[in-house]
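Visitor: I would like to go through this structure with you, starting with its internal spaces. Could you guide me?

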Amino acid sequence: MKVPMLDLTEQYQNLKAEILPAMEDVMSNARFILGDNVKKLEADVAKYSNVNHGIGVANGSDAIHIALSAIGVGPGDEVIVPSFTFFATAGAVARAGATPVFVDCDPKTFNIDPAKIEAAVTDKTKAIVPVHLYGQMADMDAIVEIAKKHNLGIVEDAAQAIGSKYKGKSVGELGTAATYSFFPTKNLGAYGDGGMVVTNDDELAEKMRVIRVHGSKPKYYHHVLGYNSRLDELQAAILNVKFPHLDEWSDLRREKADNYTKLLNEQLGDKVVTPFIADYSHHIFHQYTIRVERRDELQKFLQEQGVSTMIYYPKPLHLQPVFAELGYKEGDLPETEKAAAEAISLPMFPELKVEQQQYVVEKIAEFYSKN
């Protein structure tokens, strides 16, 4: 049996009759930049996030960068970020001219450990960027408390967490701003790049709208150094078709996650560590990630059996060559380094079949029974 990590073909076939006319409408009207589709998506995603503003941008990486720039992060500043995450989080900090300060992760949730944040705060610290990894929000109460104490901004990196909640609160409600990615593999994915920032702050929202169009307002009058980073109208049209299905897809992901956990516990017991769901969390399972011993060997074996998996992330950010000048070394963030050596994500998408999940778990059990 072949089990892909992600398969978007069935989703497309289910929505094809809606998506193609939506794309045709954009092309027929020839309104390609910041048109009605972008405005509708911005309003709908903002409402979904229980905030007042959505600002569509070119991608999730730019979303973080623009949010940081809007709150005043720049050269000489420090921004606290997790090391166990995708490069875009720290990359956006560096692009803003600031220095990323890496903090260890919570070994259960993989998210930034709030207990480690305060020790990283200095008089140069300007903001915290918690990442809601794999679809589960970080412990926001503790993070908000630290931010208020030290007068820091919070930019929630929710690239993997649209629809996730913390004690009933949505992404974006607790931070200064939150950012989404609409990369094709995300739970709400476009057919190319796309991103959005959401916020309740009227002034901040206006700053970000100006920044995304070269810093101009009105056109050709430039007050700040901005960027060319606008959500594409064609991608917004596709996302508007997909958006009403998001909660249903998230529910299906949780069903698949529950089934994986049941099967893994039955067949492997303590040989694997299944995902921890915090009691505050409404987890939307962008990824289903387990911890295992001999992770790389397992991945190779599963590949040979037709099962695709992914390792997010094999080398922590604090040990990446691009950040070598910051002086981090192995052993500085032990939980992050341990997670990077043990975590492996199994196939996860709403259309995943039960028999595919059974096959995946059977092959994992087979590997550990032979080794």
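**Cavities, pockets and backbone**

Guide: Let us begin inside this predicted model: the largest cavity has a volume of about 90 Å³. It is lined by 13 residues, and those closest to its centre are Thr 109, Phe 110, Tyr 134, Pro 275 and His 283.

Visitor: How does the lining of the largest cavity divide by class?

Guide: The lining of the largest cavity consists of 7 nonpolar, 5 polar and 1 charged residues.

Visitor: How many cavities of 30 Å³ or more does a search of the whole structure find?

Guide: The search finds 3 cavities of that size. The second largest cavity holds about 60 Å³ of space.

Visitor: Which residues line the second largest cavity?

Guide: Its lining includes Leu 6, Leu 8 and Gln 11, together with Pro 184, Lys 186, Asn 187, Leu 188 and Gly 189. Lys 242, Trp 249, Arg 253 and Pro 350 also line the second largest cavity. By class, this lining has 6 nonpolar, 3 polar and 3 charged residues.

Visitor: Let us turn to the pockets. What is the volume of the largest pocket?

Guide: The volume of the largest pocket is about 400 Å³. Of its 22 lining residues, Phe 86, Ala 159, Ser 181, Phe 183 and Lys 186 are the closest to the centre. Lys 186 is also among the residues that line the second largest cavity.

Visitor: Which elements give two or more residues to the lining of the largest pocket?

Guide: These are helix H3 (60–70) and helix H4 (87–95). The largest share, 3 residues, comes from H3.

Visitor: And what is the make-up of that lining by class?

Guide: The lining of the largest pocket has 8 nonpolar, 11 polar and 3 charged residues.

Visitor: Staying with H4, which of its residues are buried?

Guide: The buried residues of H4 are Ala 88, Thr 89, Ala 90, Gly 91, Ala 92 and Val 93.

Visitor: What do the buried residues of H4 pack against?

Guide: They pack against H3, and also against three strands: E2 (78–82), E3 (99–103) and E5 (153–157). H3 and H4 thus meet through packing, and both contribute to the lining of the largest pocket.

Visitor: Which residue with a positive phi follows H4?

Guide: That residue is Gly 97, with phi near 90°.

Visitor: Back to the pockets, then. What lines the second largest pocket?

Guide: The second largest pocket has about 280 Å³ of space. Its lining includes Glu 206, Arg 209, Val 210, Val 213 and His 214, and then Ser 216, Lys 217, Pro 218, Lys 219 and Tyr 220. His 222 and Arg 230 are also part of this lining. The classes are 4 nonpolar, 3 polar and 5 charged residues.

Visitor: Where is His 214 placed, and is it buried or partly exposed?

Guide: His 214 lies in the loop between H6 and H7. Its relative accessibility is 40%, so it counts as partly exposed. Its phi is positive, about 65°, although it is not a glycine.

Visitor: What kind of peptide bond joins Lys 217 and Pro 218?

Guide: Lys 217 and Pro 218 are joined by a cis peptide bond, with omega about -5°. Pro 218 sits in the loop between helix H6 (202–211) and helix H7 (233–242). Most residues other than glycine have a negative phi, and most peptide bonds are trans.

Visitor: What is the peptide bond from Tyr 312 to Tyr 313, and where does Tyr 313 lie?

Guide: That peptide bond is cis, with omega near 10°. Tyr 313 is placed in the loop between helix H9 (295–304) and helix H10 (334–342).

Visitor: And what of phi at Leu 34?

Guide: Phi of Leu 34 is positive, near 50°, in a residue other than glycine. Leu 34 belongs to the loop between helix H1 (9–29) and helix H2 (36–48).

Visitor: Finally, the chain as a whole. How many helices and strands does it have?

Guide: The protein chain has 11 helices and 13 strands. Its radius of gyration is 21 Å, close to the 21 Å that the globule rule gives for 371 residues, so the chain is as compact as a globular protein of that length.

Visitor: What share of the residues is buried?

Guide: Buried residues make up 57% of the 371 residues. The accessible surface is about 16000 Å², and 51% of it belongs to carbon and sulfur atoms.

Key: Residues are numbered from 1 along each chain as its sequence is written. This is a predicted model: local features need pLDDT of at least 70, side-chain atom pairs count only at pLDDT 80 or more; totals for chains, interfaces and linings use all residues. Side-chain values use heavy atoms; hydrogens and water are left out. On a 1 Å grid over the protein atoms alone, a cavity is a set of points where a 1.4 Å probe fits but cannot get out, and a pocket is an open set with protein on both sides within 12 Å along at least five of seven lines; lining residues have an atom within 4 Å of a point. Grid points are joined across faces, edges and corners, and a volume is the space filled by probe spheres set on the points. Helices (H or I, at least four residues) and strands (E, at least two) are DSSP runs, numbered from the N terminus. Ala, Val, Leu, Ile, Met, Phe, Trp, Tyr, Cys and Pro count as nonpolar, Asp, Glu, Lys and Arg as charged, and the others, Gly among them, as polar. The radius of gyration is taken over C-alpha atoms; the globule rule is 2.2 Å times the number of residues to the power 0.38. Buried means under 20% relative accessible area, exposed over 50%, partly exposed in between (1.4 Å probe, protein chains only). Accessible areas come from the Shrake-Rupley method with a 1.4 Å probe; for residues, only the protein chains shown count as cover. Contact means heavy atoms within 4.5 Å.
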